[in-house]
Amino acid sequence: NYLHRMTLLFTVSVLAPVMGVDGIVSSLLPLCARLASDPVPNVRFNVARTLQSLIPLVDATVVASHVKPCLLELNDDSDVDVKFFAGQALQLC
């Protein structure tokens with residue numbers, strides 16, 4: 001069920017501030033990267049929103065190596081909502 005994946009993304013954004021950069025890079029970003037190719041557009045645009053919430057929590061090298069490439073991929077999505085939220089997040093990169 002896609003709602004489980006949506007709940008997981010919400011959990012990521014809640015846990016990230018207390019996990020620290022190492023936990024975000026080793027656990028949360030790979031999860032977001034996997035969900036970025038989910039067949040459900042609502043999951044993909046929530047990946048973009050979640051990544052946007054992670055940008056202030058990591059340093060510029062992590063953004064450049066992990067976050068931005070994922071957002072660029074989402075920015076090329078066929079769904080307009082996915083593109084919109086990816087574009088919003090890319091403005092912070």
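**Close-up views of a four-helix chain**

**View A. Cysteine 93 counts as partly exposed, at 34% relative accessibility.** Here, buried means under 20% relative accessible area, exposed means over 50%, and partly exposed is anything in between (1.4 Å probe, protein chains only). This is a predicted model, so local features need pLDDT of at least 70 and side-chain atom pairs count only at pLDDT 80 or more, while totals for chains, interfaces and linings use all residues. Residues are numbered from 1 along each chain as its sequence is written, and side-chain values use heavy atoms, leaving out hydrogens and water. What is the closest cysteine sulfur to that of cysteine 93? It belongs to cysteine 70 and lies 10 Å away, too far for a bond. Cysteine 70 itself is buried, with a relative accessible area of 9%. The count of disulfides (pairs of cysteine sulfur atoms within 2.5 Å) comes to zero. Cysteine 70 is in no disulfide, and its nearest cysteine sulfur, on cysteine 32, is 7.2 Å away.

**View B. Step back, and the chain reads α-α-α-α.** There are four helices and zero strands (DSSP runs numbered from the N terminus: H or I of at least four residues for helices, E of at least two for strands). The C-alpha atoms fill a box of roughly 30 × 30 × 15 Å along the principal axes. Of the 93 residues, 39% are buried. Contacts here mean heavy atoms within 4.5 Å. Among those with a separation of 6 or more, 58% join residues 24 or more positions apart.

**View C. Now for the largest nonpolar core, with its 28 residues.** Such a core is a set of buried Ala, Val, Leu, Ile, Met, Phe, Trp, Tyr and Cys residues joined through side-chain atoms within 4.5 Å. Val47, Leu51, Leu54, Leu71 and Leu74 have the most contacts inside this core. The elements giving two or more residues to it are helix H1 (2-35), helix H2 (41-54), helix H3 (60-75) and helix H4 (80-90). Which of them gives the most? That's H1, with nine residues. Zoom in on leucine 74 and you'll find it touching Ala36, Arg44, Val47, Ala48, Val82, Lys83 and Ala86, leaving aside residues up to four places away in sequence.

**View D. Phe45, Phe84 and Phe85 come together as one aromatic cluster.** The structure holds two aromatic pairs (rings of Phe, Tyr and Trp, using its six-membered ring, with centres within 6.5 Å; planes under 30 degrees apart are stacked, over 60 edge-to-face, the rest tilted). Phenylalanine 45 and phenylalanine 85 make a stacked pair, 5.0 Å centre to centre with 20° between the planes. This pair links helix H2, home of phenylalanine 45, to helix H4, home of phenylalanine 85, 40 residues apart. Phenylalanine 84 and phenylalanine 85 have ring centres 5.1 Å apart and planes at 80°, so that pair is edge-to-face. Buried or partly exposed? Phenylalanine 45 is buried at 13% relative accessible area, while phenylalanine 84 is partly exposed at 47%. There's a charge here too: the charged end of arginine 49 sits over the ring of phenylalanine 85, 5.4 Å from its centre. To qualify, NZ of Lys or CZ of Arg must be within 6 Å of the ring centre and within 35 degrees of the ring normal.

**View E. Last up is threonine 50, found in helix H2.** Threonine 50 counts as buried, at 6% relative accessibility. Leaving out residues up to four places away in sequence, threonine 50 touches Leu9, Val12, Ser13 and Cys32.
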